[in-house]
Amino acid sequence: MRKTVGILGICGILAGCGQVALMPSASPTASDGQTRPQSRPDALQTGVRRPPTDARTVDEFDTTTAEERAAAAASGAESVERPLGTTVVSLGNPAQPGFWLETSLVSAPAKGRVLYPATDDFVQVDLIPIDGGGSRLSLPAMRLLGMSLTDLAEVQVFSDG
């Protein structure tokens with residue numbers, strides 16, 4: 001019973017995500033002088049596929065391919081990385097595709113890596129700056145790291161170069 005409630009809870013959370021607006025950002029001023037919010041662009045990702053508008057399950061929201069998951073899990077040993085710090089992550093907008101981390105540890109978009117000490121796994125991500133504490137990690141990145149989608153987890157963040 002407890003597992004069913006947990007799964008139903010996650011499905012309910014994910015189902016509501018289609019109703020949640022993406023982070024607004026300033027866009028060109030409209031003819032009436034008002035600034036119109038627009039969706040956050042797919043940061044550094046290219047060719048990402050958005051989930052269907054009727055997505056309800058974790059698998060429907062995670063539009064990454066096996067090749068993209070393998071690339072995200074590949075070692076970044078050939079690049080020099082710089083430790084940025086530790087942060088607590090929660091699930092970011094599951095309707096936003098790709099491997100990314102929204103965090104206050106960066107001030108400009110960059111490529112980087114997230115290490116989850118609980119499993120010793122890591123994932124290559126786009127680092128996206130946000131204001132405030134805490135961080136939000138993409139659904140595909142959380143799945144690749146073996147994280148529970150409902151937990152708050154501490155991770156280490158590294159920047160390429």
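The exercises below, each with a worked solution, concern a predicted model of a protein chain.

**Exercise 1. Overall make-up**

Determine how many helices and strands the protein chain holds, and in what order they occur along the sequence.

Solution. Begin with the count: the protein chain contains 4 helices and 6 strands. Next, follow the sequence, along which the pattern is α-α-α-β-β-β-β-β-α-β. In this pattern three helices precede a run of five strands, after which come a helix and a strand. Contacts can then be considered: of those between residues at least 6 apart in sequence, 68% join residues at least 24 apart. Finally, turn to burial and surface. Buried residues account for 36% of the 161 residues. The protein chain exposes about 8,900 Å², and 55% of that area is supplied by carbon and sulfur atoms.

**Exercise 2. The surroundings of strand β3**

Establish with which strands β3 pairs, in which sense, and whether β3 is enclosed or open.

Solution. Take β4 as the first partner: β3 and β4 pair in the antiparallel sense over 7 bridges. Within this pairing, R113 stands opposite Q124 of β4. Then take β6, which runs antiparallel to β3 and is joined to it by 4 bridges. Here R113 has F158 as its bridge partner, and L115 has Q156. To settle the question of enclosure, count the buried residues, for which the cut-off is a relative accessible area under 20%. In β3, 5 of the 7 residues are buried, so the strand is largely enclosed by the rest of the structure.

**Exercise 3. Arginine and aromatic rings**

Identify the rings over which the charged end of R113 sits, and state how many aromatic pairs the whole structure contains.

Solution. The charged end of R113 sits over the ring of F122, at 4.6 Å from the ring centre. The charged end of R113 also sits over the ring of F158, here at 5.1 Å from the centre. F158 is, in addition, the bridge partner of R113 in β6. As for pairs of aromatic rings, a search of the whole structure finds 0.

**Exercise 4. The turn between β3 and β4**

Find which residue of the β3–β4 hairpin takes a positive phi, and decide whether this residue is buried or exposed.

Solution. The hairpin has 4 residues between its strands, and in it D120 takes the positive phi, near 65°. D120 is a residue other than glycine, and its place is the loop between β3 and β4. For the second part, the cut-off for an exposed residue is over 50% relative accessibility. D120 counts as exposed because its value is 59%. A last step relates D120 to L145: the two residues are 25 apart along the chain, and 8.5 Å separates their C-alpha atoms.

**Exercise 5. Strand β1 and its partners**

Compare the senses in which β1 runs with β6 and with β5, and name bridge partners in each case.

Solution. Start with β6: β1 pairs with it in the antiparallel sense, over 8 bridges. T86 has Q156 as its bridge partner there, and V89 stands opposite A153. Q156 is also the bridge partner of L115. Continue with β5, residues 135–137, which runs parallel to β1 and is joined to it by 3 bridges. In that pairing L91 stands opposite L137.

Strand β6 also holds S159. With a relative accessible area of 6%, S159 is buried. Beyond its neighbours within four places in sequence, S159 is in contact with residues including V80, E81, R82 and L84, as well as A110, K111, G112 and L127.

**Exercise 6. The largest nonpolar core**

Name the residues that touch the most other members of the largest nonpolar core, and the element that gives the most to it.

Solution. The core has 25 residues, of which L101, V114, V123, V125, L137 and M147 touch the most other members. Two or more residues come from each of β1 (81–91), β3 (110–116), β4 (121–129), α4 (139–145) and β6 (153–160). Of these, α4 gives the most, with 4 residues. To see the surroundings of one core member, consider V125. Leaving aside neighbours within four places in sequence, V125 is in contact with F99, W100, L101, A110, K111, G112, R113, V114, L137 and A141. Among these contacts, L101, V114 and L137 recur from the list of core residues that touch the most other members.

Technical notes
Residues numbered from 1 in each chain as written. Predicted model: local features only at pLDDT ≥ 70, side-chain atom pairs only at ≥ 80, totals over all residues. Heavy atoms only, no water. Buried < 20%, exposed > 50% of the residue type's maximum accessible area, 1.4 Å probe, protein only. Contact = heavy atoms within 4.5 Å. Areas by Shrake-Rupley, 256 points an atom, 1.4 Å probe, with all protein chains shown as cover. Phe/Tyr/Trp six-rings, centres within 6.5 Å; stacked < 30°, edge-to-face > 60°. Lys NZ or Arg CZ within 6 Å of the ring centre and 35° of its normal. Core = buried A, V, L, I, M, F, W, Y, C linked by side-chain atoms within 4.5 Å. Pairing = 2+ DSSP bridges.
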